[in-house]
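Visitor: I would like a close look at a single part of this complex. Please give me the setting too.

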Amino acid sequence: MPILAFLRRHVWYIAFSIVILSAPLFTGNIYYLSILAFMATRLMIVLGLNLLMGQAGQISLGHAAFAGIGAYGSAIMTTRWSMDPWLAMLLSAVLAAAVAGLIGVPTLKLKGHYLAMATLGFGEIVYILLVQLKWLTNGTDGIGGIPSLTIGSIDFGNAQMFHWLVWGVALLMLRISLNLVDSRVGRSLRGLHRAEIAAMSLGVNTSFRKVQVLMVSAVFASIAGSFYVHYVHYVSPVSYTIIFSVILVTTVVIGGLGNVWGAVWGSALMILLPEYLKRYNQDYTQLVFGVMLILTMIFLPGGLVSFRTLVAKVRERFRGSRAGPVTGPEPRGGS
Amino acid sequence: MSALSLSQVSAGYGRIQILHDVDLTVGDGEIVTIVGANGAGKTTLLKAVSGLIPLWGGTVTFKGSPLARSSVEARAGLGLVQIPEGRQLFGPMNVEENLELGAYSRRRGGRPFREKRDEVFAMFPRLGERRRQQAGTLSGGEQQMLAIGRALMAEPEMLLLDEPSMGLAPLLVKEIFTTLRELNSRGLGMLLVEQDAMIALKLAHRGMVMERGRVVLEDSASALLDNPELQAIYFGQRGGGGGARTETE
């Protein structure tokens with residue numbers, strides 16, 4: 001029964017897709033739908049960053065800038081040069097990939113976390129450019145009047161239509177990530193993360209692979225940025241500061257480093273929580289994120305997706321059993 | 001014709017030169033071992049061959065083509081596969097995934113993965129039993145078996161082995177070396193760096209003794225085993241002064 005085997009293999013992916021895609025059928029509430037849309041664009045960025053951090057073991061502290069390239073690329077090309085939004089999105093993604101390559105080639109040849117330092121600087125440069133290049137970016141005032149996405153007569157300015165579009169793309173990226181992790185390339189990335197010399201002597205071109213995954217994650221982030229601005233019709237530099245980059249890294253760790261599904265749960269939590277906290281006091285958000293990050297690293301090193309491991313550990317402690325230690329799940333995504 | 005040949009190779013780290021004008025050949029299907037005390041430059045030599053460190057001078061050729069400019073992964077693609085010191089397994093990945101990564105470089109005319117994997121499992125049945133187990137949780141002997149198996153998945157024409165006996169019980173060392181002999185009888189050439197000179201020379205066809213980055217003695221393995229001077233220095237026999245002792249932990 002190949003169909004049954006297929007269903008069993010992809011049960012979580014299928015279930016998640018059905019639930020998320022049917023959401024607009026149950027609510028037409030613009031606020032709820034917008035939160036779900038932001039969750040989708042956040043997920044796109046986090047999926048890419050999760051591949052980079054969890055699989056290849058490299059940290060980017062400038063991922064907000066890649067999203068910013070997509071956002072501003074789309075905004076500038078569509079409002080100033082009246083370009084087709086889809087073409088603008090594509091060109092922005094190409095630009096993000098090219099920039100990622102430029103940063104990655106020199107830094108990823110080196111061992112250690114040089115990429116983190118380089119991207120930290122890169123993120124700041126992009127932010128300064130967004131603020132200072134007023135003739136192009138309109139400075140801190142930002143750019144408004146960004147058109148909605150359309151295909152023929154379908155207008156994705158409609159919240160429900162946009163939901164299906166943005167989640168369709170996010171689900172596609174989720175599928176790509178799941179497949180990648182379980183492929184020859186994914187294994188080579190995890191391998192070079194754990195034992196770079198061994199990976200090299202088995203024929204893995206480690207620096208090429210690392211640059212490649214950085215470029216993929218930059219493209220994911222750029223596309224997310226483009227979708228975002230076509231939805232809110234406005235962009236300003238404050239969305240793309242170092243703080244956002246740090247929040248993205250936090251999301252990856254809290255969700256589950258190296259686990260593709262961790263990106264889903266992490267994104268959901270990190271979008272919903274601030275919305276909830278906003279009702280009390282905006283300033284709590286950073287504090288809560290910080291505390292959550294610390295607690296995650298102490299008690300849930302595998303992230304939210306390893307919750308079962310924590311439950312097992314606690315249960316074991318209460319029983320005082322002498323069973324062997326519970327090992328965490330492998331850092332990889334199931335299907 | 002020799003498969004691997006080094007001529008006047010010198011190399012080092014930073015400003016410190018380790019290897020001085022090393023000449024070495026390994027023929028097709030031949031096992032050559034490099035023995036010597038700690039710090040003699042054995043591992044450095046292996047790194048120079050596999051490309052992990054650049055050459056300062058001299059040439060390395062493999063199957064007739066010069067390697068000086070090829071990367072580590074390109075050399076692996078040519079069939080020159082290193083089993084690094086300390087095994088370097090992909091710890092959180094399971095046995096089968098380690099083997100899959102071993103078959104990473106799809107060499108032209110390569111055999112299908114399953115066929116190679118089953119061959120490795122036939123050679124090391126214990127790996128077959130533990131195919132879903134995380135590599136990091138295997139015992140030392142099993143880990144060394146996996147390191148060898150993983151290298152075999154790359155369909156090597158010559159293995160570069162760095163201290164395969166390290167950290168293993170004598171019985172396991174014996175088992176590993178029996179396997180190496182079996183692999184060699186199928187035509188696989190090896191360049192073997194080993195502190196346990198006795199067991200290495202028993203396996204090898206030829207041996208080289210290194211001291212302070214130079215080859216000081218080169219002979220057939222059996223002749224080296226009988227060499228009284230060498231016995232005194234390296235095998236810790238009566239009359240022997242300092243020098244490395246055989247590793248037996």
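Visitor: What percentage of the 335 residues in chain A is buried? After that, please take me to strand 3 of chain B, residues 31-36.

Guide: Some ground rules come before the tour. This is a predicted model: local features need pLDDT of at least 70, side-chain atom pairs count only at pLDDT 80 or more, and totals for chains, interfaces and linings use all residues. Residues are numbered from 1 along each chain as its sequence is written, while chains are lettered from A and ligands numbered from 1 in the order in which they are written.

Now your percentage. In chain A, 46% of the 335 residues are buried. Buried means 20 or more other C-beta atoms within 10 Å of the residue's own; exposed means 12 or fewer, partly exposed is in between, and C-beta atoms are placed from the backbone. Chain A holds 15 helices and four strands. Helices (H or I, at least four residues) and strands (E, at least two) are DSSP runs, numbered from the N terminus. The C-alpha atoms of chain A fill a box of roughly 65 × 50 × 50 Å along the principal axes. Chain A has a radius of gyration of 20 Å, which agrees with the value near 20 Å for a compact globule of 335 residues. That radius is taken over C-alpha atoms, and the globule rule is 2.2 Å times the number of residues to the power 0.38.

Chain B is the one that holds your strand. Chain B has 10 helices and 10 strands. Its radius of gyration is 18 Å, close to the 18 Å from the globule rule for 249 residues, so chain B is as compact as a globular protein of that length. Of those 249 residues, 47% count as buried. The C-alpha atoms of chain B fill a box of roughly 50 × 40 × 35 Å, again along the principal axes.

On to strand 3 of chain B. Six of its six residues are buried, so the strand is largely enclosed by the rest of the structure. The side chains alternate. B:I31, B:T33 and B:V35 point one way, while B:V32, B:I34 and B:G36 point the other way.

What flanks the strand? Strand 3 belongs to an open sheet of six strands in chain B, with the order 6-7-8-3-9-10 and mixed pairing. Strand 6 (80-83) and strand 10 (214-220) stand at the edges with a single partner strand each, so one side of each has no neighbour in the sheet. Neighbouring strands here are turned by 15° against each other on average, direction ignored. Such angles use axes fitted to C-alpha atoms, for helices over the stretch in contact, and run from 0 to 180 degrees between N-to-C directions.

Take the two partners of strand 3 in turn. Two strands pair if DSSP finds at least two bridges between them. Strand 3 runs parallel to strand 8 (residues 189-193) of chain B, joined by four bridges. Here B:I31 has B:M190 as its bridge partner. Strand 3 also pairs with strand 9 (residues 206-211) of chain B, parallel again, over five bridges. In that pairing B:G36 stands opposite B:M210. Strand 8 in turn pairs with strand 7 (residues 158-162) of chain B, in the parallel sense over five bridges. B:M190 turns up there too, as the bridge partner of B:L159.

Just before the strand sits B:E30, in the loop between strand 2 (16-27) and strand 3 of chain B. B:E30 is partly exposed, with 19 other C-beta atoms within 10 Å. Leaving aside neighbours within four places in sequence, B:E30 is in contact with B:G189, B:H205 and B:R206. Contact means C-beta atoms, placed from the backbone, within 7 Å.

Back to strand 8, and to B:L191. Beyond four places in sequence, B:L191 is in contact with seven residues, among them B:V32 of your strand, B:V26, B:M158 and B:L160. B:L191 also stands out in the largest nonpolar core, of 165 residues: B:L191, A:M44, A:L47 and A:F220 touch the most other members. Helix 11 (residues 206-232) of chain A gives the most to this core, with 15 residues. A nonpolar core is a set of buried Ala, Val, Leu, Ile, Met, Phe, Trp, Tyr and Cys residues joined through C-beta atoms within 7 Å.

One last view, of the two chains together. In chain A, 17 residues are in contact with 23 residues of chain B. Helix 9 of chain A gives the largest share of the chain A side, six residues.

Terms used: Two residues are in contact if their C-beta atoms, placed from the backbone, lie within 7 Å.
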